[in-house]
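Please open the model in your viewer and keep the sequence beside it. The tour below moves from one selection to the next and says what is found at each stop.

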Amino acid sequence: VLAVAIPYNNSPNAPAIENTISFQTHSWNDLRLFDQGFRKGFTWTKLDFYWLPGEKDNRTCSTQQRLRRHDPRGCILLSHDKPDPAVTEYNTTDDFLRLLTLPEFAPFFQSKTNPIAIALCLKNIYPCLDTRSDKDGLAILDEFFAQLQDVITTRGLTVQIVLDGRLSPGTLVGQCLNDRWRQWPATWTGLPWEAGFDNNKGWGHDRLNVFDVAL
């Protein structure tokens, strides 16, 4: 769990100090954790996307019990590290979409006063590279984000999606993302440095709205 301190000042109109501390839960890839997260009042969390290309990891993808369908191009599992082929029940992007539709979580995902922010962090590929694996991964990501937008729109969700890791635009290896999935902001980790001082739309710098530099 990462604690994040929000700047505080002494003005009479400043919020109570206890309301200026927030936190983000990292790598909550076991989606069963969301229930306790809501009970504890979290509003920020992060999921890890691990891409397994079909040409190399078809065995791991084909044994996953939670995938709605087995795609020969590969699969995306929720895992910070490379998935273990012996484990057959990793949560998937399918599970995440399903989570957003659960009636018991609707009050949280539709909240206008305390909207939930979910960062999606791609771990292991650069989707703009010109390899078969990267192209397949990018195509599957495009399909997922189209489904995600549809779920958010049709169900009136207030969830704020944040693009993180290798889903962030604005880098030399992420140029194809500069105008992709533009409805969502992305994290800035200090690179490229100039993005901290300009909003160059052509380079995707205007998308980097979430400060995520190690302190």
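Which residue follows H5, and what is the sign of its phi? Select Gly156: this residue follows H5, and its phi is positive, near 65°.

Before going further, please note that this is a predicted model, in which local features need pLDDT of at least 70 and side-chain atom pairs count only at pLDDT 80 or more, while totals for chains, interfaces and linings use all residues. Residues are numbered from 1 along each chain as its sequence is written, and side-chain values use heavy atoms, with hydrogens and water left out.

**Helix H5**

Now select H5 itself, residues 132–154; helices (H or I, at least four residues) and strands (E, at least two) are DSSP runs, numbered from the N terminus. H5 has 23 residues and spans 33 Å from its first C-alpha to its last, close to the expected 33 Å, where the expected span of a helix is 1.5 Å times one less than its number of residues. Among the buried residues of H5 are Leu138, Ile140, Leu141, Phe144, Phe145 and Leu148, and also the polar-named positions Ser133, Asp134 and Asp136; here buried means under 20% relative accessible area, exposed over 50%, and partly exposed in between (1.4 Å probe, protein chains only).

**The nonpolar cores**

From H5, extend the selection to Phe96, Phe109, Ile118, Leu120 and Leu148, which have the most contacts inside the largest nonpolar core, a set of 41 residues. A nonpolar core is a set of buried Ala, Val, Leu, Ile, Met, Phe, Trp, Tyr and Cys residues joined through side-chain atoms within 4.5 Å. The elements that give two or more residues to this core are helix H1 (34–39), E3, E4, H3, E5, H5, E6 and E7, and the largest share, eight residues, comes from H5.

Centre the view on Ile118 and show its surroundings: leaving aside residues up to four places away in sequence, Ile118 touches residues including Phe34, Leu47, Phe96, Phe109 and Ile161, where contact means heavy atoms within 4.5 Å. A second, separate core of seven residues includes Leu52, Cys61, Leu67 and Tyr90.

**Strand E4 and its neighbours**

Next, select E4, residues 74–78. Five of the five residues of E4 are buried, so this strand is largely enclosed by the rest of the structure. Both of its faces are covered, with Gly74, Ile76 and Leu78 on one side and Cys75 and Leu77 on the other. Add strand E3 (residues 44–53), which pairs with E4 in the antiparallel sense over five bridges; two strands pair if DSSP finds at least two bridges between them. Within this pairing, Leu52 has Cys75 of E4 as its bridge partner.

Thr92 is the following stop, in the loop between strand E4 and helix H3 (93–99). Is Thr92 buried or exposed? Thr92 is buried, with a relative accessible area of 0%, and it touches Arg66, Leu67, Ile76, Leu77 and Leu78, not counting residues up to four places away in sequence. The side chain of Thr92 also reaches the backbone nitrogen of Asp94 at 3.1 Å.

**The two disulfides**

How many disulfides does the structure hold? The structure holds two, a disulfide being a pair of cysteine sulfur atoms within 2.5 Å. Select Cys61 and Cys75, which are joined with an S to S distance of 2.2 Å. This pair links distant parts of the chain, with Cys61 in helix H2 (residues 54–62) and Cys75 in strand E4, 14 residues apart. Cys61 counts as buried at 3% relative accessibility, and Cys75 counts as buried at 4%.

Then select Cys128 and Cys176, joined with an S to S distance of 1.9 Å. Cys128 lies in the loop between strand E5 (117–122) and helix H5, and Cys176 in the loop between strand E6 (160–165) and strand E7 (186–188), so the pair ties together parts that are 48 residues apart in sequence. Cys128 is partly exposed at 24% relative accessibility, and Cys176 is partly exposed at 28%.

**Thr189**

Finish at Thr189, in the loop between E7 and strand E8 (208–211), where Thr189 counts as partly exposed at 45% relative accessibility. Thr189 and Phe211 are 22 residues apart in sequence and 6.8 Å apart in space, C-alpha to C-alpha.

How values were computed
Polar contact = N/O pair within 3.5 Å; in protein donor to acceptor, adjacent residues only side chain to side chain.
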